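User: I have a structure to go through with you. Could you walk me through it, starting with any term I will need?

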Amino acid sequence: MFSDIKHVFIVGDIQQCQAELNMRFCNHSLVPCSLFTSPEMNYCWVFSPNKSKLFELVSLIQNGANNTSAKNLPTCLLCVCLTGSVYCEEVLPLMMSVPTLPKETAYLYARFNMIEKISNGDFADIVTLKRIDLTGNQISEIEDGAFSKLTLLEDLNLSENRLVKLPMLPDKLTYFNANNNHLKTSGVKANAFKLELTGRHDNNVMIVITNNNITEVNVNTFCKSNDTYYLRPSLSEVRLDGNPVMLSKYHDSFTCMNVLPVGKYR
């Protein structure tokens, strides 16, 4: 019955699609869907009023279809694309990699998907990005140059992933969150958070790396051990709570900061 459908895309409400089903694809009313085509593929746009019904529809369609794939579907069908913003949250079919973004994208919200890796090419051509939120994915690896071309990036949220080490970070970040990962001491480089050395902005900088497995703090992670005059007044908040590190042992690591990090001291 649905042997021509190669991909399934789920969205919206069941009544809106019924007319499209009858007019554009077939006269069957068992599974409301519309078939859209491109030179490369066919994909079905399935409308469902609730999650339980949605899974029933997907199951019925996949009995006569190939496996669902998000990789080959256009980003702005899978996600909500507004001017400068792309919202890809809890995407079905499952999103396993960073989607191809419109060139003018400034804000990406790709939370609660199944993205596993960030490669150097994922954001290389999207130099307009100012905010990236990848909360709640399965990211275990980020290549060191993945964010290197994002000179405008100010907000990066990688919380609730599977990272054991941090990538190189753009120096213009004012907010970085890697809460609830698997970060180890060896995965945080000595100069990991030298974020505002260029002095290009006056905004306060907030770093959140709570609930990881950091056991030590390098003397050069936040400050410079060989420069007693080096100050970082814009580093307004650092959160290390939830890590097995006794911060009182590393008091020389915070001499350049106006406020001590949040964490365990005794």
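Analyst: One term comes first: a charge sits over a ring if NZ of Lys or CZ of Arg is within 6 Å of the ring centre and within 35 degrees of the ring normal. In this predicted model, local features need pLDDT of at least 70 and side-chain atom pairs count only at pLDDT 80 or more, while totals for chains, interfaces and linings use all residues. Residues are numbered from 1 along each chain as its sequence is written, and side-chain values use heavy atoms, with hydrogens and water left out.

User: OK, so which ring does the charged end of Lys224 sit over?

Analyst: The charged end of Lys224 is placed over the ring of Tyr230, at 4.8 Å from the ring centre.

User: And the overall build, how many helices and strands?

Analyst: The protein chain has three helices and 13 strands, taken as DSSP runs numbered from the N terminus (helices H or I with at least four residues, strands E with at least two). Of its 266 residues, 45% count as buried, where buried means under 20% relative accessible area, exposed over 50% and partly exposed in between, with a 1.4 Å probe and protein chains only.

User: Switching to aromatics, how many pairs are there?

Analyst: There are five aromatic pairs, counted where rings of Phe, Tyr and Trp (its six-membered ring) have centres within 6.5 Å, with planes under 30 degrees apart called stacked, over 60 edge-to-face and the rest tilted. One of them joins Phe176 and Phe193 in a tilted arrangement, 6.1 Å centre to centre with 50° between the planes. This pair links distant parts of the chain, since Phe176 is in strand β11 (residues 175–177) and Phe193 is in the loop between β11 and β12 (205–208), 17 residues apart.

User: Are those two buried or exposed?

Analyst: Phe176 is buried, at a relative accessible area of 0%, and Phe193 is buried with a value of 0% as well. Phe222 and Phe254 make another tilted pair, with 6.3 Å between centres and 40° between planes. Phe222 lies in the loop between β12 and β13 (235–239) and Phe254 in the segment after β13, so this pair ties together parts 32 residues apart in sequence.

User: Which residues do the ring pairs link into a cluster?

Analyst: The cluster consists of Phe176, Phe193, Phe222 and Phe254. Phe222 counts as buried at 1% relative accessibility, and Phe254 is buried at 3%.

User: New topic: what does Lys117 bridge to?

Analyst: Lys117 forms a salt bridge with Glu141 at 3.9 Å, N to O, where a salt bridge is a side-chain nitrogen of Lys or Arg within 4 Å of a carboxyl oxygen of Asp or Glu. Lys117 also forms a salt bridge with Glu143, their closest N and O atoms being 3.4 Å apart. Lys117 itself is partly exposed, with a relative accessible area of 34%, as are Glu141 at 39% and Glu143 at 24%.

User: How many salt bridges does the structure hold, and which residues are linked in a network?

Analyst: The structure holds seven salt bridges, and Glu89, Arg111 and Asp133 are linked in a network of them. Within it, the side chains of Glu89 and Arg111 meet at 2.5 Å, N to O. Glu89 is in the loop between β5 (85–87) and β6 (107–109), and Arg111 is in the loop between β6 and β7 (117–118), 22 residues apart.
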